[in-house]
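Got your viewer open and the selection box ready? Load the model and follow along, one selection at a time.

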Amino acid sequence: MPSGSAPSDQPSSRHVDELPPMPAAEPSLDNPDLANGMAEPEPRNPDRASNADRDLWDRIRAGYRLNLDMDNDRVRAQREWYARHPSYFTRVTTRSERYLHFIVEEAEARDMPLELVMLPVVESAFDPFAYSHGRAAGPWQFIPSTGKYFGLDQTWWYDGRRDIKRSTRAALDYLQKLSARFDGDWLLALAAYNAGGGTVSRARRHNEEAGKPLDFWSLDLPRETTAYVPKLLAVAQIVRDPERYGVTLHPIDDEPYFASVDVGGQIDLAQAASMAGISTEELYLLNPAFNRWATAPDGPTDLLVPVDQADEFRERLAALPVDQRMRWLRYTIRRGDSLSGIARQHRTTAAVLRDINDLHGSTIIAGRTLLIPEPAADQYELSADARLAKQQGRDRAGRQRVDHRVSSGDTLWDLARSYDVSVRALARWNNMAPGDPLRVGQTLAVWTENGAAAPVSGADRQEMIRKVRYSVRRGDSLYAIADRFNVSVSQIRDWNNGVQGNRYLQPGDRLTLYVDVRSAP
C-alpha cells in the first residue's frame with residue numbers, strides 16, 4: 001500500500017451543519033471489497049481506440065491546471081507505489097473506459113481542472129460497486145448522508161451513489177462547492193472532499209493563529225488526507241508521462257461510450273440487455289445503481305447502453321408492449337401468510353407489493369391474489385443478491401463456512417466475538433461495512449477456523465451495541481465524550497487501556513467505544 005493510505009474506521013469528526021467527508025477506498029492489487037468479482041472490460045473497439053488523433057488521454061492532459069511539477073516526498077511515495085505496480089494502473093484505466101469520457105465532458109463543461117477526472121482512481125479504482133468500511137459506495141465513494149444531501153436516492157431497488165451520471169454530477173458539485181469555500185484552492189477542496197470542510201478549516205485556523213502558511217502542504221490534517229491529495233497528483237503525473245514511469249494506459253477513444261435511453265417505466269434488466277444486444281453484465285456495469293433484476297418502479301427511468309446499440313434499443317423498446325416489460329406472478333394468498341413473508345419469499349419488499357396492489361396497509365385476506373414482479377432470468381450476476389452470494393461463497397483457505405441467521409439484538413461485534421473472528425472480516429464476507437445494521441432473519445456467512453462456534457443469542461440481548469472509533473477533538477475530555485455517547489468514563493478507560501485521565505487525551509487520539517445506538521444521540 002502507498003504510505004499513509006490506510007483509511008480510518010469512520011469519517012473524520014465534523015460540525016453537525018457540515019457535509020461529511022468522503023472516505024477513499026484503499027488501492028489493492030487483490031481487494032475483494034473493491035473488485036467484487038467484476039470482470040475486467042474488454043476494449044470496445046481496439047482499432048478505433050488506438051487512433052492517436054482521437055485519444056482521450058491527450059484531451060485530459062490538455063486540460064491539466066494543477067501544479068504537477070512539485071516532487072516532494074509525499075507525492076513521490078504515492079507515485080512510486082503506482083510505478084511499482086504497473087499492471088494495477090493498467091487494469092484501473094481499462095476499467096475506466098466505460099465512464100471516463102462522460103466524466104471529462106462534465107468537468108470541462110464546468111471549467112474544472114481535468115486532473116480531477118482521475119479522482120475515482122483514488123476513491124474506488126473505477127469500480128462502480130466499490131464499498132468501503134466507512135459505508136461509502138460507488139465510483140466517487142459517497143457515504144449515505146452526503147449522497148442524500150446531493151439528491152442521490154438510496155432504496156431497496158436503487159442506489160444513486162452508484163449511478164454513473166448522477167453520482168459524477170454530485171461529486172463535481174461537491175468539489176465546486178468546496179473550491180468556492182477555499183477561494184479556488186483545488187488542493188484544499190480535495191482535502192476537504194476526503195476529510196470534511198470543517199476539518200480543513202480548523203487546521204487552517206490553527207495555522208493562522210500560529211503564524212504558519214495556510215496551504216495544503218503546511219496543514220496538520222488526518223493521516224489519510226495527507227496521503228489523499230498526493231495520490232491524485234501522483235496519478236496525474238503518471239497520466240501526463242506514463243512511459244517515464246513504465247506504466248501503460250489503456251487506450252480510450254475520445255468519443256462517448258454510452259448513450260442514455262428513457263425506457264418510460266420499470267423494465268426487466270435481462271430483457272433490456274437482450275433488446276440492446278449486450279450481456280446482462282455489461283448492462284449492470286453501465287447501470288450499477290440498480291440493485292435488483294429490474295429498474296426501480298419509481299424511477300429513474302433512464303438506462304445507459306453502449307452508444308452503438310442505442311438506436312436499435314430504442315426501436316425494439318418502442319415495439320414492446322408496456323405489459324411485457326416485466327414478468328408478473330399472480331400469487332394466491334394462503335391462510336397464515338403475511339405481506340412481509342410473501343415479499344421475502346419473492347425477493348421484493350412489502351412496500352413494493354403495497355404499491356403494485358394498491359394496498360393501504362399490511363392486512364391481506366386469504367383467497368385473494370397479489371401481483372408480484374418476478375425476474376425473467378434466474379441469474380443476475382451483478383445484482384445485489386448475486387454479488388452477496390458470490391462474496392459469501394468465496395473460498396477462504398483453511399476456514400469452514402457457518403451460516404448464522406440473525407436474531408433480534410444481534411450485532412456484528414457480538415457475533416465476531418462469539419465466532420472468534422474480526423468484525424471487519426465478518427463484514428467483508430457479507431458485503432457490509434462494520435457499522436452497517438443487521439436485519440432480523442438475515443443470513444450471515446461466517447468463515448471460522450474451527451467450524452461452528454456457539455453464537456451469541458440475540459434474543460437474550462437487550463442492547464443494540466455498535467463499535468465506534470472516535471477521534472479526539474480539540475477541547476475533548478473523557479467526561480465530555482462519555483456524556484456525548486451516553487457511556488461512563490470507567491467504561492471508556494476499560495475499553496482503552498492506558499487512558500488514565502484527561503491530561504493524556506490529545507487531538508487526533510483514537511478511542512474505541514461500544515455504544516448502544518438506541519440511547520446515543
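What follows is a walk from the whole chain to its cores, its cavity and a few single residues.

**Stop 1: the whole thing.** Keep in mind that this is a predicted model. Switch to cartoon and you have 22 helices and eight strands to look at. The protein runs to 521 residues, and 53% of them count as buried. Take the contacts with a separation of 6 or more: 73% of these join residues 24 or more positions apart.

**Stop 2: the largest nonpolar core.** Now select Ile 60, Tyr 82, Leu 100, Val 117, Met 118, Leu 119 and Tyr 193. Within the 72 residues of the largest nonpolar core, these touch the most other members. Add helix 12, residues 223-240, to the view: this helix supplies nine residues, the largest share of the core.

Zoom in on Met 118 next. What does Met 118 touch, leaving out residues up to four places away in sequence? Show Trp 57, Leu 100, Leu 232, Val 235 and Val 239 as sticks, and you have its partners.

**Stop 3: another core.** Apart from the core you just left, there is another one, made of 27 residues. To find it, pick Val 261, Ala 276, Phe 290 and Ala 310, which are among its members. Leave Phe 290 on screen, since the next stop uses it again.

**Stop 4: the cavity.** How many cavities of 30 Å³ or more does the count give? One, and the space in it comes to about 70 Å³. To centre your view there, select Asp 163, Leu 286, Asn 287, Phe 290 and Asp 302, the residues nearest the cavity centre out of the 13 that line it. Two elements each give two or more residues to this lining: helix 9 (164-181) and strand 2 (302-306). Strand 2 gives the most, with three residues. Colour the lining by class and you should get nine nonpolar, one polar and three charged residues.

**Stop 5: Arg 161.** Go to the loop between helix 8 (144-149) and helix 9, where Arg 161 sits. Buried or exposed, this arginine? Arg 161 counts as buried because its relative accessibility is 6%, and the cut-off for buried is under 20%. Put distance labels on its side chain: one goes to the backbone oxygen of Arg 135 at 2.9 Å, and another marks a polar contact with the side chain of Asp 159, also listed at 2.9 Å. Beyond four places in sequence, Arg 161 touches a long list of residues, including Ala 136, Gly 138, Phe 142, Pro 144, Leu 152, Gln 154 and Ser 167.

**Stop 6: Asp 311.** Jump to helix 15, residues 310-319, and pick Asp 311. Asp 311 is exposed, with a relative accessible area of 52%. Measure across to Ala 259: the two are 52 residues apart along the chain, and their C-alpha atoms are separated by 9.4 Å.

**Stop 7: Ile 481.** Last selection: Ile 481, in helix 21 (residues 478-485). Ile 481 is buried, at a relative accessible area of 0%. Show Tyr 470, Asp 476, Ile 492, Leu 505, Leu 511 and Leu 513 around it; Ile 481 touches each of these, with residues up to four places away in sequence not counted. For a final distance, draw a line from C-alpha to C-alpha between Ile 481 and Leu 513: they are 32 residues apart in sequence and 9.7 Å apart in space.

Note on methods. Residues numbered from 1 in each chain as written. Predicted model: local features only at pLDDT ≥ 70, side-chain atom pairs only at ≥ 80, totals over all residues. Heavy atoms only, no water. 1 Å grid on protein atoms, 1.4 Å probe; cavity = no way out; pocket = protein on both sides within 12 Å on 5 of 7 lines; lining within 4 Å. Points joined across faces, edges and corners; volume = space filled by probe spheres on them. Helix = DSSP H or I, 4+ residues; strand = E, 2+ residues; numbered from the N terminus. Nonpolar A, V, L, I, M, F, W, Y, C, P; charged D, E, K, R; others polar. Core = buried A, V, L, I, M, F, W, Y, C linked by side-chain atoms within 4.5 Å. Buried < 20%, exposed > 50% of the residue type's maximum accessible area, 1.4 Å probe, protein only. Contact = heavy atoms within 4.5 Å. Polar contact = N/O pair within 3.5 Å; in protein donor to acceptor, adjacent residues only side chain to side chain.
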